[in-house]
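Thanks for making the time this morning. I would like to walk you through one structure, going from its sheets to the helices that pack on them, so please have the view open.

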Amino acid sequence: MLTVIRVHLPSDIPIAGCELSPYVLLRRPDDSVTTKDIPKSSPIDGYYLRCCWFRIHSNSNNNNNKVAVCSVHPLKLATVQCLACVKIKLAAAKSFHCSPKCFLDAWQHHHSMHTLFPTNAYCENGLQEDDSSDNHGAVNLKLNTRGPRVGDSPALVFSSSCSGISTLSKPAQLSSSRDQEDGGGTWQEVGQGKSYTPTADDIGHVLKLECTVVNASNGLGVTLARTVLTSQVIPAPSPTPRRLFSLHSADGFPAAQNLEGRSVAPGTFTVLSYNVLADLYARSDIYSYCPPWALSWAYRRQNLLREVVGYQADILCLQEVQSDHFEEFFAPELEKHGYAAVYKKKTAEVYTGTAYTTDGCATFFRRSRFTLVKKYEVEFNKAAQSLSEALMPSSSKIAALTRLLKDNVALIVVLEARETKIGGDMQGAPGKHGQLLCVANTHIHANPELKDVKLWQVHTLLKGLEKIAASADIPMLVAGDFNSIPGSAPHSLLATGRVDAAHPDLATDPLGILHPASKLCHSLPLVSACSSFGRMNGLGPTVDRQRQRMDPNSNEPLFTNCTRDFLGTLDYIFYTENTLGVESLLELLDESKLRKDTALPSPEWSSDHIALLAEFRYMPKQHQ
């Protein structure tokens, strides 16, 4: 007979919106074991596995078992509630904060949620609010030192036509034929099936998974149910959305725009570059400061997807995309949002303890904006083998290959814009070809001791791009995680087209592949997109804040990678300045806020890197 041997969850802290996928070990009638589901539709010897999910509800009328948690730091109890959220009937979970400072820090994003609601929202007592009051300009806080309970009655300060005290309406109680009394609470069925995704209604409640072997002939359980309990469901952390800064404005003051609902100007497109931290590298011994539940792939994949989709970029250059996760998650999920995908995995696999896998570079583009013309795959291992065959004496080949074979790759795609207006000429109109665009996406070797390998890989990539540029007059983008700080030899080569012979990185050259230094050059007019922040027009606190987050010497961000042991810039988006111009840039993050509690990854940000995004405009032909 079928038997349940073991049931456990990857994390006992469930997150609203993030799927819970338990590990269930079963013994088949032939004594073999399996973790595969045995559903009712495919029983084994007349038996199948029934999985049911329940949440507990207190039998007490005041619902005191449901504790409110901070919407920003979900592991902390809430002590502050925004009454404007209650007033406009925003989801209660979004209104709670752990401290006044937490609320003030989150105000920029929090206030934007208020503005999504009309100012003539109705109050709880049915009276319409006075339009003359400034509903969104002031927010009333309710302080509660014992921590608020969902269902508390906050005192609301309304305008005169809606004065008085209003209470939060209690959530509707779900009825179920499978409700179970359990001491002081009732277990109410909320889902069937092996996996379950907690909803907003589950926040603050404990969940229970019940696994039972069932006789298919009569539907009755034949063994005692195996159960596992979770802790209280918490809301998904909501980091402050990053705004897009326009570098050009009529009044000289750069305008900050929310990405949501933003209109797209003709002849422009946006590009995102993001190292998403492959799950095979997201180890608790490396990122011990990140809560285990926030480091789990089940949580991070949903958080990363929300973030990436929220940027609404036309082209996505993602690094450290695990091969199985590309096929099972990124490609199908982003396809739902209108993206086509191209992928190049590294040339060696890693054993994770259960299977072999690897990561690679994935480039996505909106099907509504671009079509794929051609792709080129760069395997630096192949280039290393060619180099050793051509230049190395036989006695040195093994040493050379040992040093150069690092499995890194690059992915180059040539895209054609479906419709692009450049200088009054509509490219892509009937009878005309659309504007072409070449996008290179790469992840350079990480070992800081192998400076020669990093530089050689970057030089190899640039020489390949030069060949493409020689065959076609085409705008180019070079994006990715270069694992090279500003001022390093790879960065100098990218940004200036050459490496000074006296550069200290050239001292590391055991194979003699970097000399003479005069050969370390390229002819592509590349400029770092983020360096445009340093050239931003206008004055004021908005510009000053962004410039404070830049390195004045390199005109690059102070960091794109923030861990406990390292803070610095490794990621870039370069573009050919004779064919493209930067219109807007994604605002940079403040290190002090990121490192206030932990480094990256964190519950709010699910990679140890931050995303870079730039909006580009095609330059008219006379400017090229």
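I will take the two sheets in turn, and then the contacts between helices.

Before anything else, please keep in mind that this is a predicted model, and that everything I quote is computed from it.

Let me begin with the eight-stranded sheet, which is open, has mixed pairing, and runs in the order 13-12-32-33-14-15-19-16. Its edges are strand 13, at 256–257, and strand 16, at 339–345, each of which pairs on one side only. Within this sheet, strand 14, residues 268–275, and strand 33, residues 612–618, are joined by six bridges and run antiparallel, and if you look for a register point, Thr 270 of strand 14 sits opposite Glu 615 in strand 33.

Helix 5, residues 297–311, lies across strand 14, strand 15, strand 32 and strand 33, and its direction makes about 160 degrees with that of strand 14. Helix 5 also contributes Arg 301 to a contact with a distant part of the chain, namely Glu 19 in the loop between strand 1 and strand 2, 282 residues away. That pair is a salt bridge whose closest N and O atoms are 3.0 Å apart, and the structure holds 17 salt bridges.

Now to the second sheet, which has six strands in the order 20-21-24-25-31-26 and is likewise described as open with mixed pairing. Here the edge strands are strand 20, at 370–379, and strand 26, at 526–528, and neighbouring strands are turned by 20 degrees against each other on average, if direction is ignored. Strand 24, residues 436–443, and strand 25, residues 476–481, run parallel and are joined by six bridges, with Cys 438 having Met 476 in strand 25 as its bridge partner.

Which strands does helix 7 lie across? They are strand 20, strand 21 and strand 24, and helix 7 runs at about 45 degrees to strand 20. Helix 9, for its part, packs on the sheet by touching strand 20, strand 21, strand 24, strand 25 and strand 26, at about 160 degrees to the direction of strand 25.

That brings us to how these helices meet one another. Helix 7 and helix 9 pack with their axes 11 Å apart at an angle of about 95 degrees, which means that helix 7 is roughly perpendicular to helix 9. On the helix 7 side the contact involves Phe 380, Ala 383, Ala 384 and Leu 387, and on the helix 9 side Trp 456, Gln 457, Thr 460 and Leu 461; by class, these are six nonpolar, two polar and no charged residues.

Helix 7, residues 380–391, also meets helix 8, residues 394–404, where the axes come within 10 Å and cross at roughly 160 degrees, so the two are roughly antiparallel. The crossing is right-handed, and the residues making the contact include Ala 384 and Leu 387 of helix 7 and Leu 401 of helix 8. By class, this contact has four nonpolar, three polar and two charged residues.

Finally, the axes of helix 9, residues 451–471, and helix 10, residues 489–496, come within 8 Å and cross at roughly 20 degrees, and these helices are therefore roughly parallel. Among the residues that meet are Leu 455 and Val 458 in helix 9, and Pro 490 and Leu 493 in helix 10, and the contact divides into seven nonpolar, one polar and one charged residue.

Methods: Residues are numbered from 1 along each chain as its sequence is written. This is a predicted model: local features need pLDDT of at least 70, side-chain atom pairs count only at pLDDT 80 or more; totals for chains, interfaces and linings use all residues. Side-chain values use heavy atoms; hydrogens and water are left out. Axes are lines fitted to C-alpha atoms, for helices over the stretch in contact, and angles run from 0 to 180 degrees between N-to-C directions. Helices (H or I, at least four residues) and strands (E, at least two) are DSSP runs, numbered from the N terminus. Angles under 35 degrees count as roughly parallel, over 145 as roughly antiparallel, 65 to 115 as roughly perpendicular and the rest as oblique. A crossing is left-handed if the near helix is turned anticlockwise from the far one by less than a right angle, and right-handed if clockwise. Contact means heavy atoms within 4.5 Å. Ala, Val, Leu, Ile, Met, Phe, Trp, Tyr, Cys and Pro count as nonpolar, Asp, Glu, Lys and Arg as charged, and the others, Gly among them, as polar. Two strands pair if DSSP finds at least two bridges between them. A salt bridge is a side-chain nitrogen of Lys or Arg within 4 Å of a carboxyl oxygen of Asp or Glu.
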